[in-house]
Amino acid sequence: NRTHRSTTDPDTQLFRKGGTGAVLSYLAHALLDNRHGLVVNVQASTSDGTAERDVAAQMLADVAKPGKRVTVGADKAYDTKGFVKACREINVTPHVAQNTNRNGGSAIDGRTTRHPGYEVSQRKRKRIEQCFGWGKLIGPMRQVMVQGLDKVDQLLTLTMAAYNLTRLRTLAQLRPQGA
């Protein structure tokens with residue numbers, strides 16, 4: 001990132017995901033309600049090594065309620081001692097996929113994995129891909145045409161609001177008459 005800068009958008013940073021080459025980009029973060037599949041919080045950020053976990057902890061803190069336990073399902077990238085500790089401090093149970101191949105083992109232990117809700121969260125966490133897929137296929141998120149983090153964040157928010165509207169239409173069609 002010290003040697004590669006965009007001449008048109010200096011806020012972007014190199015980021016590599018999924019075995020592809022590194023490209024100058026931003027990260028999009030979304031928090032999804034498992035029950036209805038609606039996006040409840042979104043945020044764009046610059047891409048660095050810990051942005052996914054840092055922003056996720058911040059977004060969870062925004063929706064966590066004192067005295068009410070909340071769970072979060074996530075993939076192996078979130079299986080770090082820091083993220084698990086941050087979740088537990090804000091009364092969020094981290095249902096994170098265990099990364100047993102990492103040095104030091106998984107940060108998630110049997111206290112979490114023994115409950116049936118852990119397995120449910122691991123199945124439902126894949127729903128997050130639907131909103132990102134919709135944003136790339138239907139919405140303008142495949143190749144963003146705006147510059148600057150604030151504008152990318154606004155575009156992400158509008159795209160996920162549109163996704164929620166289409167999702168609400170589907171939910172309304174599924175609702176039985178008279179209910």
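The protein contains six helices and five strands; helices (H or I, at least four residues) and strands (E, at least two) are DSSP runs, numbered from the N terminus. The model is predicted: local features need pLDDT of at least 70, side-chain atom pairs count only at pLDDT 80 or more, and totals for chains, interfaces and linings use all residues. Residues are numbered from 1 along each chain as its sequence is written, and side-chain values use heavy atoms, with hydrogens and water left out.

**Whole chain**

Display the C-alpha trace first; along its principal axes it spans about 50 × 50 × 30 Å. Read along the sequence, the elements follow the pattern β-β-β-α-β-α-β-α-α-α-α. Of the 179 residues, 34% count as buried, that is, under 20% relative accessible area with a 1.4 Å probe, protein chains only.

**The sheet**

Next, select residues 13-15, 23-32 and 39-46, which are strand 1, strand 2 and strand 3. These three strands form an open sheet in the order 1-2-3, with antiparallel pairing; two strands pair if DSSP finds at least two bridges between them. Strand 1 and strand 3 are the edge strands, each pairing on one side only. Neighbouring strands of this sheet are turned by 45° against each other on average, direction ignored. Axes here are lines fitted to C-alpha atoms, for helices over the stretch in contact, and angles run from 0 to 180 degrees between N-to-C directions.

Now focus on strand 2 and strand 3, which are joined by seven bridges. Pick tyrosine 26 and look for its bridge partner in strand 3, threonine 46.

**The helices across the sheet**

Add residues 128-137, helix 5, which lies across strand 2 and strand 3 and runs at about 130° to strand 2. Then add residues 149-174: this is helix 6, which also lies across strand 2 and strand 3, running at about 155° to strand 3.

**Where the two helices meet**

Hide the strands and keep helix 5 and helix 6, which pack at an angle of about 110° with their axes 10 Å apart. The two helices are therefore roughly perpendicular to each other, a term covering angles of 65 to 115 degrees. To finish, show the side chains of Gln130, Cys131, Phe132, Trp134 and Gly135 of helix 5, together with Thr159, Met160, Ala162, Tyr163 and Thr166 of helix 6, which make the contact (heavy atoms within 4.5 Å). By class, this contact has six nonpolar, four polar and no charged residues; Ala, Val, Leu, Ile, Met, Phe, Trp, Tyr, Cys and Pro count as nonpolar, Asp, Glu, Lys and Arg as charged, and the others, Gly among them, as polar.

Terms used:
Parallel < 35°, antiparallel > 145°, perpendicular 65-115°, else oblique. Buried < 20%, exposed > 50% of the residue type's maximum accessible area, 1.4 Å probe, protein only.
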